[in-house]
Amino acid sequence: MSATLTKPEPHSAPGPGAGTPGRGAAARGALGAALRSREIAVAIFLLAVIAVATARNDSFLLTGDGWRDLLLTPSILLLLAAGQMMVIVTRSVDLSVGSTMALTAYLTGRLFIDVPGIPIIVVVLAGVALGAFLGVINGVLVAYAQVPALVITLGTMYSYRGIMLTWAGSDRINASDMPSGFLALGTKSFLTIPLLTIVAVAVVALVGYYLHTARSGRELYAIGSDPDAAKLYGLKVPTRVLTAFVLCGALAGLAGVVHAARYGTVSSGVGNGIELQAVGAAVIGGVAIFGGSGTVWGAAIGAVLLVTINRALPILGIPDFWQRAVVGALILGAVVLDRILALRQARKFDEEREG
Amino acid sequence: MPDPLTKASAPASTPATPVLEMADVRKSFGPVAALRSGTITVHPGSIHALVGENGAGKSTLIKIVAGVHRRDGGTLRFEGRDVDFTSTAESKAAGIAVIYQEPTLFPDLSVTENIFMGRQPLGRGRRIDRAAMLAETRSIFARLGVDIDPKRPALGLSIADQQIIEIAKAISLDARLLIMDEPTAALSGVEVERLFAVARSLRDEGRGLVFISHRFEEVFALCDQVTVMRDGEYVATTAIASTTPDAIVEMMVGREVGELFPKQPATIGEPVLQVEGLSSAGTFRDISFEVRAGEIVGLAGLVGAGRSEIARAVFGVDRYDAGSVRMHGKAVKPRRPRAAIAAGMAFVPEDRRKQGLVVDNSVAHNVAAVIRTKLDKLGLLTTAAENKAVAPWADRLEVKTNALDMAATTMSGGNQQKVVIAKWLATEPELLIIDEPTRGIDVGTKSEVHRLLSDLAGQGLAILMISSELPEVLGMADRVLVVREGEITAELSREQATPEAVMKAATAGHESTGELAPVLPDALLKEVGA
């Protein structure tokens, strides 16, 4: 057998740190390490986008509004991406999060209208609970009925949206329907950092902690890495997959509440298409679409990048059409980069075995 | 339930309670009886070999112990207690570890996580104690004397290292019974020795080991007892010290063959397929043979010997590094199945559900799939045209489906196989390559498939048949080529092809463990030399 030497972890190895710096030429090594750590690579790209946009128009970052928008706008997608990432890592996908979010956003407004004086915390919990319940439906169908998640959640995406449209009718919830204390949550900030951003980052941190330190969190990775091996290991695969969907639904529920607080209105189009942004954020952030690897931090930075780039492109004078194309290019670039790195890794392992 | 230990079927009785006792364990999958009487007694502190031909029921027996399958009947005791595992988690919790030929690890996760997944040591607040996990991995590796970085991902590990991870897992579980299912099949000589050293040290700690292998020299070098199985039944258990490889081969194959599936004599014509010096790095080396019109050539050998790979290379599915394939003397382009089909080859693959048949499509669609281009008009393919072209073939093969538009998935294995053969016969081939023609097919349909092959040969078709079932090879083939570890080790005429001769050529020693060669059966050495 070949002596297997210590090697840097591959870029996609889940876990806290990303790649450890390679040996050899310092500059090359540092660059290599940064590329191996998807989180750092995407973060650098994000900073570059911010820098270019700010150079073009300094209100992007340097005014109070610019700073606030930069931090606040991604908060909803952050929550969705964190949830989506847990599902993707088990080799599934949840396309229903946009519809789930729309339902809980509407529920939030409805509760304030129908139950005057209801405590805000109760409304928040109700939104999370409804999201979790919708996640249970997805999870049970995927984990126990063994139907591919893509199909199931495509179905529930339309069903949940249909329920929301039927329930809301031509209703539209306006800021005047909701108590000012609730709407204030959407604008409140601490040390110039918006409250909703703090909530979103705290959620991401909790998810990261759970995935890293809990047995059930690690098992999500194992299931996505090789479902058959997970069964042979005796892991409770269906239970874990269900858990991932419930957590994802709950976070989508929270995102709906956050949407209501942030924008003050709830229309039937809330969250249309945002599920694909959540998937895109995870992929850009280095979460393998076939499961098993990636971090919630990567998904989070991917989410911030997606939102920020959408806001930066108009400033750079890029027409609307190209804005979508750029997002597409980002996703394709991320996937191609993954493939190249994986091939390089495989070649290195081969050489290692030969040598 | 306390066990009174009334049963003493083990030949070598030891005072300690056997770690595993199985008696008359049965298991059927549908109408197919995979295991008819599984019987084995494994003692602590011993290594027990389990041998038998492909399909003898060894894997089924192992999977019952592992909790993958549940037995239909019979006794299963672990450390003296009656057990009935319903999942792999249960057998594992009881203290049983199974190491498969191709270990199943999580490629994305670190070696350490692979060892401890699902039962990581927990610290305060039920958090995974990574430091403890890493320390324990290091100490197990130190004990096994291996140098694997515990933090690296399992992706890219050699098979040998992956098996070491599996063994480390078993040790960390404190497994009292370790089952190794052909662990050496993919290992080099040095790796085999390292594995054996580990196995012996585990035995000396008082654990029971079961070792499944086709390599007799390994069985004789490593094991204390041997249990022989044949056709899903227990044959005998003896101490290694009191038996010989020849005696074991005899027990493995001891049955009547040649009556069940007789091939009718056919006029053997000109060579149709000529293969010369075909090699593919790491898979097979220097393969030369020919198949003549009207002849059935059997490729015999063990699963994994490289037979299917040779067939795939001949047909152009897989690449080869050197050598040539000729049909009627004309070279066939490598890596082009289309060229192979145009040259008159047809290929019925091993796993018909995956490779040969679009199971959700109708029979007609399936049969017409390869002759599409002959059938279409202006690029369109009509159902009527398909049915018309297909009907005579289905008729001739007596495929029992009510209508040709029935989905193939609803048919029995035998009928599915006939559909696959029909599909290829519609191309009017001159050479049929067929891999495991009757795998998973009930006995009745088996002989129908054999009769069909015999008829086809009678009409002048050249047939290259890969089969792991000895009676099938001996009954059907005019000539038998035995493949072992990527090389043809014997070419036997119908008269020379006895079960013993084929088995010996298929299971003989392994160069890289050359020092073990003296225990090879004498007859085998003569045969390889011849």
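Buried area is the accessible area, taken with a 1.4 Å probe, that two parts lose on being put together, summed over both. The exercises below concern a predicted model.

**Exercise 1.** Describe the contact of chain B with chain A: how many residues does each chain give, and how much area is buried?

*Solution.* Begin with the residues: chain B contributes 37 residues and chain A contributes 35 residues. Turning to area, the two chains bury about 2900 Å² between them, with 55% of it on carbon and sulfur atoms.

**Exercise 2.** Determine which residues form the salt bridge between chain A and chain B, and which elements of chain B touch chain A.

*Solution.* The count between chain B and chain A is one salt bridge, and its partners are A:Arg218 and B:Glu113, whose closest N and O atoms lie 2.7 Å apart. On the side of chain B that touches chain A, the elements giving two or more residues are α2 (88-94), α3 (111-116), α5 (159-172) and α6 (189-204) of chain B. Sorted by class, that side of chain B has 15 nonpolar, seven polar and 15 charged residues.

**Exercise 3.** Within chain A, work out how helix α4 (residues 75-89) and helix α12 (residues 237-263) are oriented, and what classes of residue make up their contact.

*Solution.* First take the geometry: the axes of α4(A) and α12(A) come within 8 Å and cross at roughly 175 degrees. Angles over 145 degrees count as roughly antiparallel, and the two helices are therefore roughly antiparallel to each other. Next take the residues: among those that meet are A:Leu79, A:Gly83 and A:Met86 in α4(A), and A:Leu247, A:Leu251 and A:His259 in α12(A). By class, this contact has 16 nonpolar, four polar and no charged residues.

Conventions:
Residues numbered from 1 in each chain as written. Chains lettered and ligands numbered in written order. Predicted model: local features only at pLDDT ≥ 70, side-chain atom pairs only at ≥ 80, totals over all residues. Heavy atoms only, no water. Contact = heavy atoms within 4.5 Å. Salt bridge = Lys/Arg side-chain N within 4 Å of Asp/Glu carboxyl O. Helix = DSSP H or I, 4+ residues; strand = E, 2+ residues; numbered from the N terminus. Nonpolar A, V, L, I, M, F, W, Y, C, P; charged D, E, K, R; others polar. Axes fitted to C-alpha atoms, helices over the stretch in contact; angles between N-to-C directions. Parallel < 35°, antiparallel > 145°, perpendicular 65-115°, else oblique.
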